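Biologist: Please show me the model. I would like to go through its charged pairs and its packing.

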Amino acid sequence: MQKTVVVNQERLWSRLMEMAKIGATPLGGSCRLALTEEDRQGRDLFIEWSKALGCDIKIDRMGNIFAIRPGKDPKRLPVSCGSHLDTQPHGGKFDGVYGVLAGLEVFATLNENNIETASPLQVCVWTNEEGSRFSPPMISSGVYGGVYELDYALGRVDEEGITLGEALEKISYKGEIDCGSNQMGAFIEVHIEQGPILERNSETIGVVTGVQGSRWYQVWFEGRDAHTGSTPMAGRQDALLSAAHAIAKIKEIALDHAPDAVATVGRIEAYPNSHNTIPGKVFFTVDMRNPEEETLDQMEKQLYQVIEAAAKKESNDFKIEVISKTPPIKFNDNCIEIIEKATRKCNLKHRRMISGAGHDACHISKVAPTAMIFIPCAEGISHNETESATKEDLAAGTQILLETLVELADQ
């Protein structure tokens, strides 16, 4: 880039706030579950903005959207950025959507400064990153990256029995191009940290060198429904009691591998869910994470032991299903160095760090040089309606994204 150009902080903020109106929640957050009407509206707005910036639009068979800004050499693979527009049920204004709209702000800034890159640039919107409606998370970037088969992904079912493929058809976002056929030269994802480290250390930019591994499980305990008043305590087959034993031990699994390990039971359902019936069946989810694959193997072994022991204690049956295994990811050294170079050029305080959360960049790293940029979020809070980031930090991350994309495109 021959001259220094600066992103428009107010324009970026305005787009973020406009997108946040779609699926706005009472406490100031957003609810745009994947492939709902709200998600369709968000996608439509993204495409409207992209076309106004002169982008070509492509959509693949998983509904992933690609907005392409032409470069001097159309034969070069596009240097890409992006994230997702879907949210958690009580999501915030910035998780995912920031990475998408930061890319559009880069395009707008380059357009108004008449800067043409050697390679095309591209903003990607990945379908169902959150995994809140369809499990596993990051499924569409996973299909793009060769982690999941297309038929498996399209066949995933939500709580109402609707498949992902049916939901895509309903909102008219099932595209024509094959997933992964539109290759990219590099991928950079900018994101709020979703943790407290940058804020606590008064640092503006996280240069993300990799992502810790994560594993998702579904667990069932099955005992026997019975009357709460007439069934003696001895001899009950209380599935919820087995779950209680297990959940307490799952916390201990993480503590056994401190300080990096985490383990969470995030969802639990008891059946028949009646005040005066002993629960005969319980379902819950387990999320375990660590930067080391070997440690995750040890944690998984402990989990199976804990579930078996909890079932045996109350004479219940059990089943465990592995929903996803995302190995620890190491990002591309060249991309990392270019991001770090940009932070020095912009005189921004930064640190190298590992991401505690999974991102679409994890799967894209299997097929393209990839790295991530973090900015602080207030108190590290995310997946929450109160999720917050400052205009200044959002603009700073976008500026680093611009510098990084341009250098990669001109290499």
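Biologist: How accessible is Glu-269, in relative terms?
Modeller: This is a predicted model, where local features need pLDDT of at least 70, side-chain atom pairs count only at pLDDT 80 or more, and totals for chains, interfaces and linings use all residues. Residues are numbered from 1 along each chain as its sequence is written, and side-chain values use heavy atoms, without hydrogens or water. Buried means under 20% relative accessible area, exposed over 50%, partly exposed in between (1.4 Å probe, protein chains only). Glu-269 counts as partly exposed because its relative accessibility is 21%.

Biologist: Which residue meets the side chain of Glu-269 in a salt bridge?
Modeller: A salt bridge needs a side-chain nitrogen of Lys or Arg within 4 Å of a carboxyl oxygen of Asp or Glu. Here the N to O distance is 2.7 Å. The partner is partly exposed, at 33% relative accessibility. It is Arg-267.

Biologist: The structure holds 23 salt bridges. Which residue meets Arg-11 at 2.8 Å, N to O?
Modeller: Arg-11 sits in helix α1 (residues 9-20), and its partner is in helix α3, 94 residues apart. Helices here are DSSP runs of H or I, at least four residues, and strands are E runs of at least two, numbered from the N terminus. The partner is buried, because its relative accessible area is 0%. It is Glu-105.

Biologist: How far apart in sequence are Arg-11 and Glu-112?
Modeller: Their side chains also meet in a salt bridge, at 3.0 Å, N to O. Glu-112 is partly exposed, at 47% relative accessibility. Arg-11 lies in helix α1 and Glu-112 in helix α3, so the pair ties together parts separated in sequence by 101 residues.

Biologist: Which helix gives the largest share of the largest nonpolar core?
Modeller: A nonpolar core is a set of buried Ala, Val, Leu, Ile, Met, Phe, Trp, Tyr and Cys residues joined through side-chain atoms within 4.5 Å. The largest has 91 residues, with Phe-46, Tyr-98 and Leu-401 among those with the most contacts inside it. Ten of the core residues come from one helix, residues 97-112. That is helix α3.

Biologist: How many residues are in the other core, with Ala-261 among them?
Modeller: This core lies apart from the largest one. Its members include Leu-303, Val-306 and Ala-311. The count is 23 residues.

Biologist: Which residues are linked with Arg-215 and Lys-325 in a network of salt bridges?
Modeller: The network joins these two to acidic side chains. They are Glu-293, Asp-297 and Glu-300.
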